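User: I should like to learn how to read a pocket and a helix packing in a model of this kind. Please begin with the pocket.

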Amino acid sequence: MPTPESEAFLAKKPKVPASFDGVDFDDTKRLKAAQDAIIREQWVQVMMGRLVRDELSKCYYREGVNHLEKCGRLRERYLELLKDSRAKGYLFEQQNIIPKE
């Protein structure tokens, strides 16, 4: 069952998608909201990778010599998350808008 979101959490939750599609660059408030949403999404990916890495290290320690068999799922997930493991910022995406179809 999902945890209910508090009013304080909902107030800070971004209300724009994590892209610059349809953002008027003269509207500073919407521009900053889009930048904030992009940074938040990148940090979520970074923290997800960190959590999977911690679980993988616990699995390696717990399983010992059998870690190749027992921890394969976590290892594959961690290798997939390594692709997005850095927060890159929003400047490239802001200056080079590529419309998403």
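Analyst: A pocket is an open set of grid points with protein on both sides within 12 Å along at least five of seven lines, and a volume is the space filled by probe spheres set on the points. The model shown here is predicted. Its largest pocket holds about 190 Å³ of space.

User: Which residues lie nearest the centre of the largest pocket?

Analyst: The lining comprises 11 residues, and those nearest the centre are Ile38, Gln42, Lys88, Gly89 and Glu93. Two elements, helix 2 and helix 5 (91-95), each give two or more residues to this lining. Helix 2 gives the most, with four residues. By class, the lining of the largest pocket divides into five charged, three polar and three nonpolar residues.

User: How should the packing of two helices be read?

Analyst: Two packed helices are described by the angle between their axes and by the distance between those axes. Here, helix 2 (residues 28-63) packs with helix 4 (residues 72-81) at an angle of about 150°, and their axes are 9 Å apart. Angles over 145 degrees count as roughly antiparallel, so helix 2 is roughly antiparallel to helix 4. The crossing of these two helices is left-handed.

User: Which residues of helix 2 and helix 4 make the contact?

Analyst: Helix 2 contributes Gln45, Met48, Gly49, Val52, Arg53, Glu55, Leu56, Cys59 and Tyr60, while helix 4 contributes Leu74, Arg75, Arg77, Tyr78 and Leu81. The contact of helix 2 with helix 4 has eight nonpolar, four charged and two polar residues.

How values were computed
Residues are numbered from 1 along each chain as its sequence is written. This is a predicted model: local features need pLDDT of at least 70, side-chain atom pairs count only at pLDDT 80 or more; totals for chains, interfaces and linings use all residues. Side-chain values use heavy atoms; hydrogens and water are left out. Axes are lines fitted to C-alpha atoms, for helices over the stretch in contact, and angles run from 0 to 180 degrees between N-to-C directions. Angles under 35 degrees count as roughly parallel, over 145 as roughly antiparallel, 65 to 115 as roughly perpendicular and the rest as oblique. A crossing is left-handed if the near helix is turned anticlockwise from the far one by less than a right angle, and right-handed if clockwise. Contact means heavy atoms within 4.5 Å. Ala, Val, Leu, Ile, Met, Phe, Trp, Tyr, Cys and Pro count as nonpolar, Asp, Glu, Lys and Arg as charged, and the others, Gly among them, as polar. On a 1 Å grid over the protein atoms alone, a cavity is a set of points where a 1.4 Å probe fits but cannot get out, and a pocket is an open set with protein on both sides within 12 Å along at least five of seven lines; lining residues have an atom within 4 Å of a point.
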